[in-house]
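Here is a short report on one protein chain. Have the sequence and the model side by side as you read.

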Amino acid sequence: MSIPADALHAAAQQHGTPLYAYDAAELDASVARVRTAFGNARVYYAMKANPNLSILRRLHTQDVGFECVSAGEIARAAHVGATGENLIVNGPAKSPAEYALGAQLGATFIIDREEEVALLPPASRALIRVNPALNVSTHDHLATGAADSKFGVTPEQAPRIISALRAAGHTALGLHVHIGSAIRDAHDFTAAFARLNDLRPHTGPLPVLDTGGGWGIGADLPGIAREAHAAAATFGAQLWVEPGRSLVATAGTLLTRVVGTKTTGRPFALLDAGMTELLRPMLYGAQHPVTPLWQRESTSQWDLAGPACESGDLLGRNVTLPTPHPGDLLAIHEAGAYGAAMSSNYLTRPRPPELLWERSQWTVIRQRETPQDIWRAEESGE
Ligand SMILES: *Cc1c(COP(=O)(O)O)cnc(C)c1O
């Protein structure tokens with residue numbers, strides 16, 4: 001994140017806090033890192049990480065496709081001009097509207113259970129999501145490739161589903177695996193790809209292998225890419241990937257101001273942002289690096305607490321800061337993925353604005369909501 005501190009101060013001054021700031025250069029650098037590592041693989045952005053239209057447009061112009069998991073996300077993809085070749089529709093419980101919208105655009109569907117063969121629109125293209133039944137090195141809520149997770153079909157079912165797809169007049173494009181998010185240990189990918197390789201004698205060659213996303217910040221992308229390409233080669237397949245976090249996390253910063261301090265059993269710095277703006281610490285125990293944008297002689301450790309009446313509303317624990325005073329500005333980093341996207345209106349808190357820093361200028365890419373925005377749908381008939 002290379003936005004200068006004075007630009008962050010200026011944004012907070014003009015637009016208020018909390019706010020999300022994104023660095024366009026870092027977004028582009030993230031795409032370049034993935035492209036460099038994965039070479040000729042097709043890249044589909046898992047837009048649940050951050051569905052802001054300006055970010056989607058930026059990725060679309062760089063020929064990145066989209067992986068969508070709801071009718072709303074498919075509508076966003078269509079809104080920015082994505083069509084069939086650039087779209088994957090996924091989800092464990094797709095609705096009739098999601099099949100119809102996907103079919104209308106010519107998307108590829110990811111089959112998550114055997115029954116879907118009969119639910120697909122006629123002549124669909126489909127990938128089969130395989131659950132490799134692994135213990136994955138991430139928070140339980142982020143592990144999708146474990147035997148007891150709800151995702152995918154068992155390796156034993158996959159060959160049968162390929163035959164069923166063909167018999168029903170669909171195109172069985174290939175296999176799909178996505179074992180979770182923010183994965184710490186690259187060996188998890190090795191193990192997942194090995195499970196796929198084991199299926200090769202039972203499936204024959206296939207046009208596509210989709211190895212999903214899940215790469216943690218700082219993951220060895222060239223290493224993961226080498227193994228993913230090797231797995232694809234086993235099937236004679238083209239490699240597809242679906243990064244979410246890797247394309248947007250490091251470009252985003254949540255800016256928040258110190259409201260005050262207090263000490264109960266622990267010393268707290270109270271912030272004007274919390275679980276409603278950034279849920280990851282509460283939901284996944286995620287730890288985000290922070291930078292205090294103030295200086296003072298003495299430093300000590302603080303818990304970072306939000307304004308919600310929820311004791312779990314913490315953005316950090318034992319964070320070393322110069323003594324905070326009201327109004328001081330704190331930058332919470334690596335917040336571009338699953339930050340704004342998971343922000344909520346709980347407590348009738350308007351979601352924060354989002355700003356893009358490009359060529360030394362700010363552009364508002366999402367306005368701050370108002371309380372009226374939040375209750376609009378409750379005032380029926382007006
Ligand atoms: C969420 C998701 C991704 C992206 O995961 P990241 O950890 O953000 O890279 C990719 N594919 C599928 C199927 C997903 O559900």
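In which helix is the place of Arg 245? Arg 245 sits in helix 10, which covers residues 245-248. Keep in mind that this is a predicted model.

**Arg 245 and its surroundings**

Arg 245 counts as buried because 24 C-beta neighbours lie inside 10 Å, and the cut-off for buried is 20 or more. Leaving out residues up to four places away in sequence, Arg 245 touches Ala 49, Ser 181, Ala 182, Gly 213 and Ala 337.

Arg 245 also appears in the record. An unreviewed UniProt entry places a "binding site" feature at Arg 245, Arg 280, Tyr 284, Glu 310 and Tyr 338. These positions span 94 residues of sequence, and they are spread in space too, with up to 27.0 Å between C-alpha atoms. Another "binding site" annotation from the unreviewed UniProt entry covers Gly 214, Glu 242, Pro 243, Gly 244, Arg 245 and Tyr 338.

**The ligand shell**

How many residues surround the ligand? There are 17, and the closest are Ala 46, Ser 181, Gly 213, Gly 244 and Arg 245. By class, the shell holds five nonpolar, eight polar and four charged residues.

**Annotated residues compared**

Some residues named by UniProt are set out below with their places and C-beta neighbour counts.

| Residue | Place | C-beta neighbours within 10 Å | Class |
|---|---|---|---|
| Lys 48 | loop between strand 2 (42-46) and helix 3 (53-61) | 18 C-beta atoms | partly exposed |
| Glu 242 | loop between strand 9 (238-241) and helix 10 | 23 C-beta atoms | buried |
| Gly 244 | loop between strand 9 and helix 10 | 24 C-beta atoms | buried |
| Glu 310 | loop between strand 13 (299-305) and strand 14 (314-322) | 15 C-beta atoms | partly exposed |

Lys 48 has its own entry. UniProt lists Lys 48 as "modified residue: N6-(pyridoxal phosphate)lysine", in an unreviewed entry. Is Lys 48 buried or partly exposed? Lys 48 is partly exposed, because its 18 other C-beta atoms within 10 Å fall short of the 20 needed for buried.

Contacts tie several of these residues together. Residues up to four places away in sequence are again left out. Lys 48 touches Val 69, Glu 73, Gly 244 and Ala 341. Gly 244 in turn touches Tyr 45, Ala 46, Lys 48, Ala 49, Gly 213 and Ala 337. Glu 242 touches Tyr 44, Ala 46, Glu 67, His 178, Asp 210, Gly 212 and Gly 213.

**Helix 9**

Ile 224 belongs to helix 9, residues 221-234. Ile 224 is buried, with 23 other C-beta atoms within 10 Å. Which residues is Ile 224 in contact with, beyond its neighbours within four places in sequence? They are Ala 186, Phe 189, Trp 215 and Ala 219. Ile 224 and Phe 189 are 35 residues apart in sequence, yet their C-alpha atoms are 7.0 Å apart in space.

**Strand pairing**

Strand 7 (residues 171-176) is mostly covered, with five of its six residues buried. Strand 7 pairs with strand 6 (residues 125-129) in the parallel sense, over five bridges. Thr 171 in strand 7 is the bridge partner of Arg 125.

Strand 15 (residues 329-332) runs antiparallel to strand 10 (residues 252-263), and four bridges join them. Here Leu 255 stands opposite Ala 331 in strand 15. Strand 15 also pairs with strand 12 (residues 290-292), in the antiparallel sense over three bridges. In that pairing, Pro 292 has Leu 330 as its bridge partner in strand 15.

**The whole chain**

The chain's secondary structure comes to twelve helices and 17 strands. Its radius of gyration is 22 Å, close to the 21 Å that the globule rule gives for 382 residues, so the chain is as compact as a globular protein of that length. Along the principal axes, the C-alpha atoms fill a box of roughly 70 × 55 × 40 Å. Of the 382 residues, 46% count as buried. Among contacts between residues at least 6 apart in sequence, 68% join residues at least 24 apart.

Key:
Residues numbered from 1 in each chain as written. Predicted model: local features only at pLDDT ≥ 70, side-chain atom pairs only at ≥ 80, totals over all residues. UniProt positions renumbered as here; feature names shortened; annotations may be inferred. Helix = DSSP H or I, 4+ residues; strand = E, 2+ residues; numbered from the N terminus. Buried ≥ 20, exposed ≤ 12 C-beta atoms within 10 Å, placed from the backbone. Contact = placed C-beta atoms within 7 Å. Near = placed C-beta within 6 Å. Nonpolar A, V, L, I, M, F, W, Y, C, P; charged D, E, K, R; others polar. Rg over C-alpha atoms; globule rule 2.2 N^0.38 Å. Pairing = 2+ DSSP bridges.
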